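Could you walk me through this structure in my viewer, stop by stop? I would like to know what to select next and what I will find there.

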Amino acid sequence: MQSKRWRRIGAVAATAGVAVSIGLAAGIPANAADVATWMYSGKFQHVLDLTSSNEYLNDHTIIRDDSGKWHIFSIYGNLNGRQLGTGPASSENEDAIFHATAPSLTGSWTRQADALTTDPAYGNGQLGGGGEAHLWAPHVIKACTMPFSAAVQPCGGAYYQAKYYMFYAAGNQAGAGTDPSKAAINLATTTNLDGSWTRSTGGPLFRDGFEARDPFVTFANGKWYIFYTATANASGGANQVKFRTSTNLVNWSAPGVAFTDPTSTANAGAIEPLTESPVVVNRNGSWYLLIGPRGGGYTGTDVYKSSNIESFNVSQYAGHINAHAPEIVTDQNGKDWVTNSGWFQAGLDIAEVQWSTSPRPWQTPSALSVGKNADGRLEVFGVGAGGATVDNRFQKADGNWSGWNEGQSGAFGPGGAAATPTVVSNADGRLEVFAVDRTTNTIAHRWQTSPNGPWSAWDGNFGTTAAGASPVGALNADGRMEIFALAPGGASISHKWQQTPGGNWSNWEVIGPTAAGAPPVIAKAGNGKLQVVAVAPGYQSIAALSQTAPNSGWGSWQTIGTHPAGAAPVMVTTSNGTIVLAVVKPYGLGIALTTYKNGAWQGWDVSFGDGDGAAGLYTGSVSLVVDGNVVRAYATGPGTGANNPHNYIRTRTIDANGVPQGGWSIVANGKNAECAPSGGVGNDGQLHLFKEDNGGSGISEAKGGGGFVSGFGGANGGFPCGQPGTP
């Protein structure tokens, strides 16, 4: 079993004062008439950099003092001597709390002396446990004692004796090791954020397991709530967000359960921890729980909305933040911000919180969609900055590339897209492109009027209801195209098919499941049957839908093993008809691989993505590209940012039978990748790969097995890979 270094990667949040309600800083209420209930973020900017020291921040809290100065308190550590893509040797070495200050949230940040260091004697022998083993997940609030009362309230009015309270996870030192079944949540206080902190004289507030961590404190219903993550019982069980209540921030009730992660299993305490970093905020009377990591491997946080602060579940999905260890911070002007940190971020990122009246679409796993014309020329499709345009570029007869939108009167169309479009080849070789209209969120399509020929006008009536992602498609054995589309927010999956090859289309039909956690993928097997794969809400499982016979109807959804997912899957068909399916594992902890052959799905290879035998190699995203008789798997590292050494692309070969060959190798100049690359073999016989650079700053191309070269230019939407949201 691997080291406990992976047990804790979450984050918590604190705003100026108490993180009670989004948009309530400085007494500015959220707009009561606002019906925007879906939570996302804008683009992140890097505001605190630790690249030069090879250090990281993780679970953190940000608070503004009475003078207007901002403070960050955080887990920190270093990755010295670690292989690219692996975390610290042990998170038990995170034994001090980082402190920095700044005049504004965007900096510049000045590092201060550590706020706290571990005390192995503190709490030893109390509540049946040992002393402090580490210092994780500090969460700081400001609260005041009421006159003539022991009760503690958010500061304001007649309250007095203001004090800052830091809640943190301290683990449980047990001899030479640790005992995570009795992990402590501790408290320290101060009256000056620039001063020293004093631990509570009563010892740990409480203990819980497995590995109780990530405290988050807020005030509601006339009492304080502390949320934290643990498992159903002290030795393991399902991952949960638990809560306790208090009137004085010291004495806490017995635990309740606010959320149970359906991806976790009976022995979850001994496998990867799938539930971390709970943040609970209120907006317009509704409660929002942010929980991760999910939906983006190591980086990704889902949002759930409830009317009851004590109860959340995955059916209440209400948005997604492309971040790890996020915190919600309301500034002095009432603007809400969200942060991003983690082992591979080399500091802190920040973005504006954005609210939407409807779910934003999921994005494709790669930045460009690649089609092949009937004559073998590649054609690529992407979106301009922010999805303002849909753009294309194609190979010419001599193998060189056209300009963007060459031969078009303006952009390729249809006037903007909410996600990267997808492309499917008709039976006669004509390409057909599908896009989600940026204005209506409905599906539009456009097709070549002859193989290798000109394009039709856009048909905006192809899908009359909103879509949750660009559709995916494949050809039936008889040549009829069939496409599948996700409903907004993953409410359902629908399909539509050509009634004759290249002919008229059927109406849309819902095919289920009743809800999905990400867009489906589709491929045709060597036996002629189409296979559709999707993840369940919350990424709790992966299921497949198979045709009962070629060109026929569909069976029922069947779970592929018991493996949960950390992101949306990718899937291709090899030259001999084997389907290869890959998915980033929960927490981004590698890649799992399976195949469909001989009429059945095979077992999972859960070590496929470890790389060079290094268990614990983290992954950001994965793609599969067919290259003749083999498939090339590509994976990005878990970091983002041009200067982050963990931001890279590696590759491994899979043969036509779906069997991995050799080990992983680094692709030259693959740094600064926003998504795993897409690609195909062109009319020049070379494999062409395309990656979007961080933040949509451009497109780079690699060909013939060489490294990436910048300057392919043009389409650079900057959409988050395989996750919901737009920049």
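Start with the whole chain selected: of its 727 residues, 63% count as buried. Keep in mind that this is a predicted model. Colour by secondary structure, and you will find 52 strands and zero helices. The radius of gyration is 26 Å, close to the 27 Å that the globule rule gives for 727 residues, so the chain is as compact as a globular protein of that length. Along the principal axes, the C-alpha atoms fill a box of roughly 85 × 55 × 45 Å.

**Stop 1: a buried strand residue**

Select Ile75, which sits in strand S4 (residues 70-78). Is Ile75 buried or exposed? Its relative accessibility is 0%, so Ile75 counts as buried. Now add Ile97 to the selection: 22 residues separate the two along the chain, while their C-alpha atoms are 5.3 Å apart.

**Stop 2: a hairpin**

Move on to S27 and S28, which form a hairpin with five residues between them. In the turn, click on Gly376, whose phi is positive at about 95°. Strand S28 covers residues 378-383, and four bridges join S27 to S28 in an antiparallel run. To see one facing position, select Lys372 and look across to Leu378 in S28.

Next, show the side chains of S27. In a regular strand, side chains alternate between the two faces of the sheet. Here Ser369 and Gly371 point to one face and are buried, while Val370 and Lys372 point to the other and are not.

**Stop 3: two open sheets**

Strands of a sheet pair through backbone hydrogen bonds, either parallel or antiparallel. Select S33, S34, S35 and S36: these four strands form an open sheet in that order, with antiparallel pairing. The edges are S33 and strand S36 (509-510); each has a single partner strand, so one side of each is left without a neighbour in the sheet. Inside the sheet, strand S34 (residues 481-486) is joined to strand S35 (residues 493-497) by five bridges. Look for Glu482, which stands opposite Trp497 in S35.

Then select S37, S38, S39 and S40, four strands that make an open antiparallel sheet in this order. S37 and strand S40 (558-559) are the edge strands, each pairing on one side only. Strand S38 (residues 530-535) pairs with strand S39 (residues 542-546) over five antiparallel bridges. Val533 is opposite Ala544 in S39.

**Stop 4: the largest pocket**

Rolling a probe the size of a water molecule over the atoms shows where empty space is left. How much space lies in the largest pocket? About 1,600 Å³. Among its 48 lining residues, select the ones closest to the centre: Val370, Val423, Gly473, Met571 and Val572. Several strands give two or more residues to the lining, including S27 (369-372), S30 (422-425), S33 (472-475) and S37 (521-524). Colour the lining by class and you get 27 nonpolar, 19 polar and two charged residues.

**Stop 5: a loop residue**

Finish at Asn647, in the loop between strand S46 (630-636) and strand S47 (649-654). Why does Asn647 count as buried? Because its relative accessibility is 2%, and buried means under 20%. Add Ala673 to the view: the side chain of Asn647 reaches the backbone nitrogen of Ala673 at 2.9 Å.

Conventions:
Residues numbered from 1 in each chain as written. Predicted model: local features only at pLDDT ≥ 70, side-chain atom pairs only at ≥ 80, totals over all residues. Heavy atoms only, no water. 1 Å grid on protein atoms, 1.4 Å probe; cavity = no way out; pocket = protein on both sides within 12 Å on 5 of 7 lines; lining within 4 Å. Points joined across faces, edges and corners; volume = space filled by probe spheres on them. Nonpolar A, V, L, I, M, F, W, Y, C, P; charged D, E, K, R; others polar. Pairing = 2+ DSSP bridges. Buried < 20%, exposed > 50% of the residue type's maximum accessible area, 1.4 Å probe, protein only. Polar contact = N/O pair within 3.5 Å; in protein donor to acceptor, adjacent residues only side chain to side chain. Rg over C-alpha atoms; globule rule 2.2 N^0.38 Å.
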